[in-house]
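Here is a short note to help you find your way around a model that may be new to you. Keep the viewer open and follow along point by point.

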Amino acid sequence: MMNLLFQGELPPAMVVPLAATVAAAVVWFYRRETRRLGSIHAWSLPLLRGGAVFLTLLVLAGPVLRHQRVIGTIPRVDVFVDASDSMLVRDGDGPTRLQRVWHRLSGDGDHPGWLEEARQTHHIFLHQLMDDQARLIWDSRSDRPIPTGADLIVDDSEAVTKPGRITNLSDPIAIRVLTEAGDAGDAGDAGDAGDSDDRSSAADDSSTTPSPSGTDATSAGSPPTRSGPRRAVLLLSDGQHNAGASPQSLAQRLGDATIPVYTVGVGAAAEPRDVAMLGIDVPGSVAANGRASGQLTIKDLAGEGESVRVRITMGNQTVWQQTLPSENRVSRRIAFDFAVGPLVAQLQASGAEASGIAEATAGRGSGIERSRITLSLQATVEPISDQFFADNNALDFRLAANLRQRRLLIVDSRSRWETRYLRNLFDRDPTWQVDTVLAWPRSSGGNIRRHLIEGNFPADAPTMAGYDAVIWGDCGADAFDDDQLKRVRDFVSQGGAIAFIDGDRDGLKGLVNSPVGPLLPVKFGGDAMVDGVVGLRPTALGSAQPALRLGDDDSNAPITRRPDGRSSTTSKSGLTDAADLASNWDQIRPPTAIRSTEVLPGAEVWLEATVDEASAPVPALVTRLFGGGQVVYLAFDQTWRWRYRVADRDHTRFWNQLLEAIMQPPFEVRDQYVALATDAPQYTAGDSATIRARLRDGEGNPVGDAIVEAVLRAADGETRTVLLRSIDSDRGVYEGRSPPLVAGEWELFVRAAGYQASESVRSSILVVPPPNRESWRIAQDADLLRSLADVSGGVYADEQDADTVWRAINPLSEGRIETRRYALTESYPWFAAILGLLTVEWWWRKKSGLI
């Protein structure tokens with residue numbers, strides 16, 4: 001196949017217009033001299049001169065005619081080079097890992113690299129792995145030179161100046177190799193990557209054939225048979241996969257498609273001496289007079305006989321610290337616990353707001369009240385001598401200390417086991433104030449009388465609105481009048497949260513035709529409770545919900561601070577594993593019976609119950625939005641059984657997380673007219689903050705028709721404006737989401753016409769950089785790389801024995817590529833064309849009498 005390329009000093013996009021312009025100018029000037037001649041001579045002479053000038057100037061573009069012929073069968077090899085942060089590590093005093101990889105691929109002036117040798121017998125596609133992307137930077141079918149670079153891989157247009165903060169050795173490779181989108185996108189990414197016939201040939205070469213058997217270094221040199229693979233993957237990496245799907249699963253899929261994976265391991269085998277702060281597990285909020293308890297996850301590679309000191313500070317003050325002997329582990333958890341009350345009192349007494357941006361507005365005499373104080377804290381592991389990394393010993397985090405207790409109303413028909421344990425659970429928590437109402441209807445003379453056993457139902461709407469959440473047990477409508485039930489419905493519609501817990505007395509069925517009925521996210525059938533429940537399992541939607549994360553976390557999985565204030569556990573891959581979550585739920589004791597219901601449109605099922613293999617799963621936890629609030633329906637009343645042998649571990653965690661997920665966060669700061677809140681005091685760079693505001697007029701009435709903006713102002717003066725929309729005009733509540741935020745401290749206030757005086761109602765948020773997982777583990781993961789090769793039928797070798805892999809890939813080719821290039825501007829035909837045009841023009845001028 002033949003195609004035209006340009007390899008001159010100037011790009012054709014510049015040379016062609018320039019040559020055409022100059023040629024046109026020559027024709028125009030020449031035309032003034034030939035205008036009096038006949039029509040043929042008047043135009044022929046200028047065009048001949050202009051053509052010669054055009055061809056002469058085109059020399060600057062360096063047109064080259066390339067002819068490429070494929071003889072035999074040529075395999076395609078996708079080469080993936082890991083360009084993550086860990087590949088910039090120097091194992092000793094020599095070059096970085098990435099430099100060593102690139103030297104092997106591109107060679108130097110004296111010795112050609114593997115790419116130069118392999119391009120004669122293989123179709124090579126060179127990809128760069130960074131974060132979650134595989135960028136094609138070179139295609140051997142094009143005529144572009146092999147990329148060169150000293151420190152990092154570069155292409156013709158852009159040098160890579162920022163390494164990847166994660167390593168994903170699965171998803172980007174799968175997209176490039178296993179999907180048609182990856183093949184279709186090659187030409188666009190690599191520029192002129194060859195012609196369509198070459199591309200078809202490569203596609204044909206990679207058709208499925210019988211899978212080769214796995215091989216090791218001792219048998220790598222044996223050539224494959226005719227039915228062997230016609231496509232392969234070469235991965236050069238340190239194997240520190242920490243994000244995305246499992247690479248082993250990808251290797252299995254590639255092996256099934258007869259695409260072997262050859263791996264070259266880069267980096268030292270042993271972890272260097274180092275300590276680091278990896279993650280923090282903290283509660284979303286604590287009571288201002290309570291205690292903060294959680295866990296720090298550190299890297300502890302100080303060495304045997306050494307000590308590790310960790311501490312938590314607020315400013316220059318140490319609030320907790322501990323010195324422990326080193327366990328020489330990559331990941332280690334350390335529990336912490338400290339009193340919050342003295343820190344809150346100290347901030348209030350000093351008049352300094354914990355956010356670090358503005359002074360406390362409380363106590364200014366401006367009528368501003370706060371429902372919480374945010375503590376700016378830092379967790380630190382003290383550096384050790386000869387530490388490998390010195391910039392990952394501390395993590396900033398925030399803790400919200402609630403000055404106001406959250407209020408919970410529990411309603412049930414009797415004091416059953418579920419109700420008792422729930423009341424005790426929240427009663428023991430200093431952040432909650434619990435009110436309980438037990439009521440059932442009594443018959444007297446054929447009439448139903450409402451009988452209140454314990455507690456008082458909220459007497460009016462303002463009292464009802466003072467609660468944050470309601471747990472409604474197996475209690476029907478007959479125990480309350482319509483006004484009370486309407487109060488519950490309005491409470492949820494205006495932003496409240498309610499959890500219905502079904503039971504065996506059909507109490508919730510009695511709510512269907514009451515004012516509370518529209519809240520229920522399910523439809524009750526004629527069936528009673530279903531017995532024989534085998535287990536509980538989160539659905540696909542439920543697996544993504546923090547509320548359903550239960551059980552013991554992986555001891556090697558750092559716990560990180562989520563943007564919404566909750567904690568999440570990350571696996572070695574950096575993502576919460578749905579399989580691990582399901583496994584944790586398999587350990588949960590299932591209920592003995594469950595209510596079978598039909599899920600209404602618009603509702604979501606988070607949890608299902610398995611009855612038997614022949615029956616469809618039964619919805620166990622169903623939720624939906626209702627107005628400005630959220631409703632949860634639990635089809636069984638035996639979560640208290642989850643305490644068996646593990647005490648409060650799962651039961652307490654589930655209910656705290658569930659209510660946290662469905663409750664509206666309280667307004668953090670307010671004055672007489674404006675209230676302001678965010679969904680969390682801390683975010684990760686790239687996250688968006690949910691901002692809520694409430695407006696009232698001078699008489700305390702809600703204002704639901706104003707134009708409201710939230711203003712975010714960074715410490716360096718950068719300002720971002722977010723338009724808030726009305727979500728509850730009856731309460732004057734507005735909400736909006738900010739654009740993705742960059743790391744730093746941001747001050748927040750509300751701007752609305754007529755509310756200038758309330759711009760002093762301010763809050764703040766902290767945006768922290770995303771964790772750099774590349775420093776968590778440094779040593780080469782040879783086991784992972786070896787398993788990828790073994791599963792797919794490829795070969796693994798350490799970088800010192802990389803030639804073993806080259807020798808294994810070379811026999812995949814049963815042909816060669818012959819390429820010939822003809823520099824047109826240096827050829828006799830090009831010179832003859834210019835000379836011929838000028839000769840004809842001279843002869844014609846003479847014939848026309850111009851000479």
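1. Let us begin with a single residue: in which loop does Ser 813 lie? In this predicted model, Ser 813 sits in the loop that runs between helix 18 and strand 40 (814–823). Is Ser 813 buried or exposed? With a relative accessibility of 13%, Ser 813 falls under the 20% cut-off, so Ser 813 counts as buried.

2. Next, look at what surrounds that serine. Setting aside neighbours within four places in sequence, Ser 813 is in contact with Thr 73, Ile 74, Pro 75, Thr 121 and His 122. With Thr 121 there is a polar link as well: the side chain of Ser 813 reaches the backbone oxygen of Thr 121 at 2.6 Å.

3. Now step back for the overall picture. The protein has 851 residues, and 51% of them count as buried. Its secondary structure consists of 19 helices and 40 strands. Of the contacts between residues at least 6 apart in sequence, 74% join residues at least 24 apart. The accessible surface is about 37300 Å², and carbon and sulfur atoms account for 51% of that area.

4. Helix 3 is a good place to visit next. This helix covers residues 97–106 and is mostly covered, with seven of its 10 residues buried. Those buried residues are Arg 97, Leu 98, Gln 99, Arg 100, Val 101, Trp 102 and Leu 105. They pack against strand 3 (76–82), helix 4 (114–118), strand 4 (123–130), strand 6 (231–237) and helix 18 (802–809). Just after the helix, Gly 107 takes a positive phi of about 70 degrees.

5. Please also look at the charged pairs. Side chains of opposite charge can pair when their charged atoms come close. The structure holds 37 salt bridges. One of them joins the side chains of Arg 100 and Glu 799, at 2.9 Å from N to O. This pair links distant parts of the chain, as Arg 100 belongs to helix 3 while Glu 799 is in the loop between strand 39 (796–798) and helix 18, 699 residues apart. Both Arg 100 and Glu 799 are buried.

6. A second site centres on Arg 595. Asp 502 forms a salt bridge with Arg 595, and their closest N and O atoms are 3.4 Å apart. Asp 502 lies in the loop between strand 21 (497–501) and strand 22 (522–531), and Arg 595 lies in strand 26 (residues 593–599), so the pair ties together parts that are 93 residues apart in sequence. Asp 502 is buried, as is Arg 595.

7. Arg 595 has another acidic partner to check. Asp 506 also forms a salt bridge with Arg 595, with the closest N and O atoms 2.6 Å apart. Here too the pair links distant parts of the chain: Asp 506 is in the loop between strand 21 and strand 22, Arg 595 is in strand 26, and 89 residues separate them. How covered are these two partners? Asp 506 has 35% relative accessibility and therefore counts as partly exposed, whereas Arg 595, at 1%, counts as buried.

8. Finally, return to helix 3 for a wider view of its charges. Salt bridges that share partners join Asp 91, Arg 97, Arg 100, Asp 238 and Glu 799 into one network. Two of these residues, Arg 97 and Arg 100, are among the buried residues of helix 3.

Key
Residues are numbered from 1 along each chain as its sequence is written. This is a predicted model: local features need pLDDT of at least 70, side-chain atom pairs count only at pLDDT 80 or more; totals for chains, interfaces and linings use all residues. Side-chain values use heavy atoms; hydrogens and water are left out. Helices (H or I, at least four residues) and strands (E, at least two) are DSSP runs, numbered from the N terminus. Buried means under 20% relative accessible area, exposed over 50%, partly exposed in between (1.4 Å probe, protein chains only). Contact means heavy atoms within 4.5 Å. Accessible areas come from the Shrake-Rupley method with a 1.4 Å probe; for residues, only the protein chains shown count as cover. A salt bridge is a side-chain nitrogen of Lys or Arg within 4 Å of a carboxyl oxygen of Asp or Glu. A polar contact is a pair of N or O atoms within 3.5 Å; within protein, one must be able to donate a hydrogen and the other to accept it, and residues adjacent in sequence count only if both atoms are side-chain atoms.
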